[in-house]
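Thank you all for coming; I would like to walk through one structure this morning, taking its interior before its outline. Please have the sequence and the view open while I talk.

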Amino acid sequence: MAITDKIYVKNHRQLASQLETSFPKSAFSGATLDILFTGDALAKLDDASRDRALEFAEDFLDCDCQSNPHCGCPQRKFIAYLLELRAEGLGPDAIVDVMGDDYMLYAYPGDVLSFLDNGVRTLEAAEQLADVDERQEMAEKIRQKKRELSG
């Protein structure tokens, strides 16, 4: 299961009440993306919620794909956002706090930790393959990324 399947909308009940409809708690569920990020829905939200939803849409839903937002771009952009926060030195708890402040989203710190740990393991495997292939420049780039992710 991808980390984006474990990212949830904060204040879900409050937002569902404002929108007068139900939608999944998962932030990247197709139904959530369809409901929360249409013009009609945004107009029903209070100012703070609307601002966060618009920031989310600008940062993650802005692509030229024909099937946007169901193209996978939002998930890839969000994963890059998580990795960027980790590269800034934030731990899982702080990452959860920042995504809550930035976009009214939450996740369990253990899920974020698991995601980061899997990323390190993947980089270790790629580093070993680069070493075996005698691609030292690539191996060094991977080592640098692994250090950023490991903290």
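Helix 4 contributes the most to the lining of the largest cavity, giving four residues, and I should say at once that what we are looking at is a predicted model. The search covered the whole structure and found one cavity of 30 Å³ or more, and the space inside the largest cavity comes to about 130 Å³. Its lining is made up of 14 residues, and those that lie nearest the centre are Val 9, Leu 36, Phe 37, Ala 53 and Tyr 103. The elements giving two or more residues to that lining are helix 2, residues 30-36, and helix 4, residues 47-60. Sorted by class, the lining of the largest cavity holds 11 nonpolar residues, two polar ones and one charged one.

Tyr 103, which we have just met near the centre of the cavity, also brings us to the aromatic residues. How many aromatic pairs does the model contain? The count is 12 aromatic pairs. One of them is formed by Tyr 8 and Tyr 106, a tilted pair with 5.4 Å from centre to centre and 40° between the planes. This pair links distant parts of the chain, since Tyr 8 sits in strand 1, residues 8-9, and Tyr 106 in strand 2, residues 105-106, with their positions 98 residues apart. Tyr 106 has a relative accessible area of 24%, so it is classed as partly exposed.

A second pair is that of Tyr 81 and Tyr 103, whose ring centres are 5.3 Å apart and whose planes meet at 75°, and it is therefore edge-to-face. Here too distant parts of the chain are linked, with Tyr 81 in helix 5, residues 73-87, and Tyr 103 in helix 6, residues 92-103, the two being 22 residues apart. Both partners are under the 20% cut-off for buried residues: Tyr 81 is at 11% relative accessibility, and Tyr 103 has a relative accessible area of 9%. These two tyrosines also belong to a cluster in which ring pairs link Phe 28, Phe 56, Phe 60, Phe 78, Tyr 81 and Tyr 103.

Let me turn to the cysteines. Why does the model have no disulfides? A disulfide is a covalent bond between the sulfur atoms of two cysteines, and the rule applied here asks for sulfurs within 2.5 Å. For Cys 71 the closest cysteine sulfur is that of Cys 63, at 3.5 Å, which is too far for a bond. For Cys 73 the closest is in Cys 65, at 3.6 Å, and this is again too far for a bond, so the count of disulfides is zero. Cys 73 itself, at 14% relative accessibility, counts as buried.

Towards the C-terminal helices, there are two charged residues that I would like you to find. Glu 127 is placed in helix 7, residues 109-132, and counts as buried at 9% relative accessibility. Setting aside residues up to four places away in sequence, Glu 127 touches Ala 139, Ile 142, Arg 143 and Lys 146. Lys 146 lies in helix 8, residues 136-150, and is buried as well, with a relative accessible area of 18%. Beyond its neighbours within four places in sequence, Lys 146 is in contact with Val 120, Leu 123, Glu 124 and Glu 127.

Some details of the backbone deserve a careful look. Asn 68 and Pro 69 are joined by a cis peptide bond, with omega at about 10°, and Pro 69 is found in the loop between helix 4 and helix 5. Glu 20, although not a glycine, has a positive phi of about 55°; Glu 20 lies in the loop between helix 1, residues 12-19, and helix 2, and is exposed, with a relative accessible area of 69%. Glu 134 has a positive phi of about 60°, again without being a glycine; Glu 134 is in the loop between helix 7 and helix 8 and is exposed, at a relative accessible area of 67%.

That leaves the outline. The protein chain has eight helices and two strands, which follow the order β-α-α-α-α-α-α-β-α-α along the sequence. Its C-alpha trace spans about 60 × 35 × 25 Å along the principal axes, and 38% of the 151 residues count as buried. Among contacts with a separation of 6 or more, 46% come from residues 24 or more positions apart.

How values were computed: Residues numbered from 1 in each chain as written. Predicted model: local features only at pLDDT ≥ 70, side-chain atom pairs only at ≥ 80, totals over all residues. Heavy atoms only, no water. Buried < 20%, exposed > 50% of the residue type's maximum accessible area, 1.4 Å probe, protein only. 1 Å grid on protein atoms, 1.4 Å probe; cavity = no way out; pocket = protein on both sides within 12 Å on 5 of 7 lines; lining within 4 Å. Points joined across faces, edges and corners; volume = space filled by probe spheres on them. Nonpolar A, V, L, I, M, F, W, Y, C, P; charged D, E, K, R; others polar. Contact = heavy atoms within 4.5 Å. Phe/Tyr/Trp six-rings, centres within 6.5 Å; stacked < 30°, edge-to-face > 60°.
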